[in-house]
Amino acid sequence: MSNLAGHEPIAVIGMAGRFPGAADLGRYWANLHDGVASISFPSDDELRAAGVPAAALADDHYVKALATAPDVDAFDAEFFGLTPREARICDPQIRLFLECAHATLENAGYDVEQLTDVGVFGSSGAGRYLDLVRRSEGLGPLSKSGMSLTTWNSTDYLTSLVSYKLGLNGPSLNVATACSSSLVAVHLAAASLRAGECELALAGGVEVELPLGHGYWWEPGGTLSRDGHCRPFDKAASGTVYSTGVGMVALKRLSDALADGDRVRAVIRATAVNNDGGEKAGFAAPSVSGQSAAVAEAMALADVTPRDVAMLEAHATGTVLGDPIEVAALKAAYAYLGGGEPGGTALTSVKGNIGHTVHASGVASLIKVVLSLENEVIPPNVGYQDANPALGIEDSPFRVPTVATPWPRTAGRSRIAAVNSYGVGGTNAHAVVEAAPAPVPAAPAQDRPRVVVWSARTPQAADRYRESLAEHFAGPGARTFTGSVATLQRGRTPYEHRGAVVALGPQEAVSLLQDPRSAAHFSTPAPGERSRIAFLFPGMGVQQVGVALDLYERSPAYAAAFDACLDLFEAQGVPLRALWRDGDEERINAPGASQPLIFAVEHALAQTWQSWGITPSAVLGHSLGEITAATVAGVFTLEDAVRAVATRSRALQNTPPGGMLAVAASAGDVEPFLTGGVRLAVVNGPRQVVVAGPADELDETVAELRRAGLASRPLRTTHASHAPVAGSAVPVFQEVLRGMRLSAPTVDFYSAARGRKVGAAEVTDPGFWSRQLVEPVAFADALDALTAAEERHVLVEAGPGRALTVVARQHPTVAEGLARGAADARPAQDRPAGRRTLRAGRGRRVVDRGPHGGLGRGRGPRRGRAHAGPRLPVRARPPLGRRGSPRRGGRHLGRRLLAVQRARLAGAAPPPGAGRGRRRARRRPAPAGRGPGADRHRRAGRGRVRRGRPAARSTVRGGRGRLHRPHRRTVGSGTGVQDAEGTRRRARAARPRGHADRP
């Protein structure tokens, strides 16, 4: 790509818009591709309901046509921090522009709350709303509300209010050059980026035709269409139709975008702006010389020739005067630059689709060009049948396409388009746009479960967002599933009501997202409310060969903790490594192997969760899992715990053969069948118990239970525990425990052996642990105690399988959502499809988490940013401190100097680091004849967009509202998705070493 001195290409990394017939850019492109005209013709009844007088409806000069974007009269005031009155009196152009700014940043893959050094460049139509507000409230021009009304209705504050509400510190400039305003805004944004004034820029425009729902008056010789149709380039064209819409693009220097891993959607090679001056028929008339000069300058800066340009999106509004002058200017510029191939450039105009959005028309055309480059199609011209003979298209480099034309990539040839725009008063703008560079091939994404997360400010909005994600992943999002998941985890602001599913791919994600019962739903604590995490550790019967092997191979944290346990067991004479990898079912089910393996997996999982920053404030273990819980709680050292487990398992293996039987019945139901040495060993729930005893007697119990119609299932173990048959192991185990130093627990310790919370006096007693071999497990009582605690808990099952999750999800408190459940570390091939989810309140679990599988903070397999599904608004003014850590490399030069100056004025020392930057600001030498005072400073360094903590989850806002009724509504529902995967290079560099273990 050309990179002329001082003219670095600019990348388009995000877009958003709302135009007639299109609530989002997905529908906008579909309409463009299909040649849909979105100018509507309401009935008399509809116009009458909108307030059109009967006299107007009966007048032949009143044209019953309009083109307006959806939901112009709706706004989520609370979301953006406006009071109901502020929302009601605010010009709808300002509201639309604010919504679009937020949506554009999200489309670029950024969490709005993590950005600061962002410039805003925009334009809007005349502020006609103020008069409507004054009349509706009965206010005079000198009312006390004058300042407030002016603030929320003056177009002077269009960009400044966006910067204020979103906390953006770059330049905020309003542009007013009539119809060319929004493309001029793009030109100024690009210049600001090249000058280093900001690191990311928003540029766009908005136009709202008032009153809403009205047609317009036609007069002979005017610019408006006689019949309500806009026909650019056509001989039947009679004028234009003014329309309502908003559009915006997010821009970066191309080098920065590539370095940051942004998805580059297109590249602006060059822009040029000039004015006609006085060489034209009148102030409002366009000029051939002025327009052609702007076109030629932009193409020269872009280093392209007319033969390079395959598509030229013209300003063409379908007016009798404007279209012929514009085409003449284009022909003149192309002739000056060497001429093009006859008919080699497709000449198009979006006005036939959506009418003339005036101050948003330039960006509407730019967005159309970017979408055409992305989709490799040149859309047809709507309303064009026969060429206007005054244009002279037949003998020009141009052709007007009437059908969608393929525009595929060609090896060795750039695909280049151009956008032309001019405004009343003579300001002309031209942009040369090139297709995005081919993405760098990346390693295939790992085939592993991924956590799809989202959040919202209301439960209803979160539910709608879940449905939008399902629709997204069922469509274009299927191709970029991993990248979209990464953006949902990092590029969205987290809100109170959150959801998650865990899926191996887009198909499974769609299935889970479409079923509300398959997704986790949970809310963050209210102010003053504590939310804590409790680790649950299962006991016997969950062991298997190769358990958690996939997690071992992908998570260094898990592998390190698991290897430590294996080494310690090897020192105790337990060949656990070989049994884990190559053992058979019979050997792995014996206590001598199964118990050490279960402990090692549970301890390693607990360490992995904690390495991700998920630390427990309470623990609850089941049978053997109680020793793991005690190790995590600090009662045992790891070395002592391994010795205790090894001794316990050997002692049990030396007891008479026995078994354990899970029965789907209550304790009272099975009591009559417990004879001889068979005893009630475990009570997990109202109808979940386990009985244990000698093997021969247990066989008789099974037969009796079957005759009574009670279902049972044997656990995978060769010996029994929690029954008298294990009595000979008690003294052996207790003797070893006496030689250990047991400490008080550092977290709340809930004992399944006691069925309640226990303290230091009990857990430091060796008899407390040895007696568990013959005493029953009261897990149901312990779970009751845990869920009855004043603080609500998130239950995380840290162990193989999901045994305790199944039990916990049936607990009434958990089912009501006051506690939640948790985790599964089985090998992927052993997990049932469709169950890889965290189920809030119902106990479904999060699967084993590899190095990138974390809930909300996962790192993708490669750098890059992916926009994940529907665009969503973000809270405008976060609390202090929510914007993350300062950008690496220091603050913006201007802010550093301001801090120094303020400190000096206050008589204090400058703040640490003030005046220093990542790069020095260089001073240009003064021109000859000018003193030092005439020197010009510029910021030479190019810092990066400030990003603090990674955003954990995606967001949406819900509700609906109307212009005069400030209720809530969802702001847009964009469908565009960035296709890049993974993480940004800068984010990766900012993380400490060993980050691969983080979620």
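**Exercise 1. Identify the residues with the most contacts inside the largest nonpolar core of this predicted model, and the helix that supplies the largest share of this core.**

Solution. The largest nonpolar core comprises 65 residues, and Phe562, Phe636 and Trp769 have the most contacts inside it. Helix 22, residues 591-611, contributes the largest share of this core, with 10 residues. The model in which these features are described is a predicted one. Next, take Phe562 and set aside its neighbours within four places in sequence: Phe562 is then in contact with Tyr552, Trp580, Leu597, Ala600, Val601 and Ala604. A second core, separate from the one just described, has 51 residues, among them Phe80, Cys90, Val120 and Ala436. As background, nonpolar side chains in soluble globular proteins tend to be buried together.

**Exercise 2. Classify the ring pair Phe75 and Phe80 as stacked, tilted or edge-to-face.**

Solution. The structure holds 17 aromatic pairs. For Phe75 and Phe80, the ring centres are 5.7 Å apart and the planes stand at 10°. Planes under 30 degrees apart count as stacked, so this pair is stacked. Both partners, Phe75 and Phe80, are buried.

**Exercise 3. Classify the ring pair Phe79 and Tyr495, locate both residues in the chain, and determine whether each is buried or exposed.**

Solution. The ring centres of Phe79 and Tyr495 lie 6.0 Å apart, with their planes at 50°, so the pair is tilted. The two residues belong to distant parts of the chain, 416 residues apart. Phe79 is in the loop between strand 2 (62-63) and helix 4 (84-89), whereas Tyr495 is in the loop between helix 16 (481-490) and strand 17 (497-503). Buried means under 20% relative accessible area. Phe79 has a value of 0% and is therefore buried; Tyr495, with 2%, is likewise buried. Finally, Phe75, Phe79, Phe80 and Tyr495 form one aromatic cluster.

**Exercise 4. State which tryptophan ring lies beneath Arg226 and which beneath the charged end of Arg415.**

Solution. Arg226 lies over the face of Trp218, at 4.4 Å from the ring centre. The charged end of Arg415 sits over the ring of Trp407, at 5.4 Å from its centre.

**Exercise 5. Describe how helix 22 and helix 23 cross, and name the residues that make the contact.**

Solution. The axes of helix 22 and helix 23 (residues 625-632) come within 9 Å and cross at roughly 35°. The crossing is right-handed. On helix 22 the contact is made by Phe599, Glu602, His603, Ala606 and Gln610. On helix 23 it is made by Gly625, Ile627, Thr628, Thr631 and Val632.

Notes:
Residues are numbered from 1 along each chain as its sequence is written. This is a predicted model: local features need pLDDT of at least 70, side-chain atom pairs count only at pLDDT 80 or more; totals for chains, interfaces and linings use all residues. Side-chain values use heavy atoms; hydrogens and water are left out. A nonpolar core is a set of buried Ala, Val, Leu, Ile, Met, Phe, Trp, Tyr and Cys residues joined through side-chain atoms within 4.5 Å. Buried means under 20% relative accessible area, exposed over 50%, partly exposed in between (1.4 Å probe, protein chains only). Helices (H or I, at least four residues) and strands (E, at least two) are DSSP runs, numbered from the N terminus. Contact means heavy atoms within 4.5 Å. Rings of Phe, Tyr and Trp (its six-membered ring) pair if their centres lie within 6.5 Å; planes under 30 degrees apart count as stacked, over 60 as edge-to-face and the rest as tilted. A charge sits over a ring if NZ of Lys or CZ of Arg is within 6 Å of the ring centre and within 35 degrees of the ring normal. Axes are lines fitted to C-alpha atoms, for helices over the stretch in contact, and angles run from 0 to 180 degrees between N-to-C directions. A crossing is left-handed if the near helix is turned anticlockwise from the far one by less than a right angle, and right-handed if clockwise.
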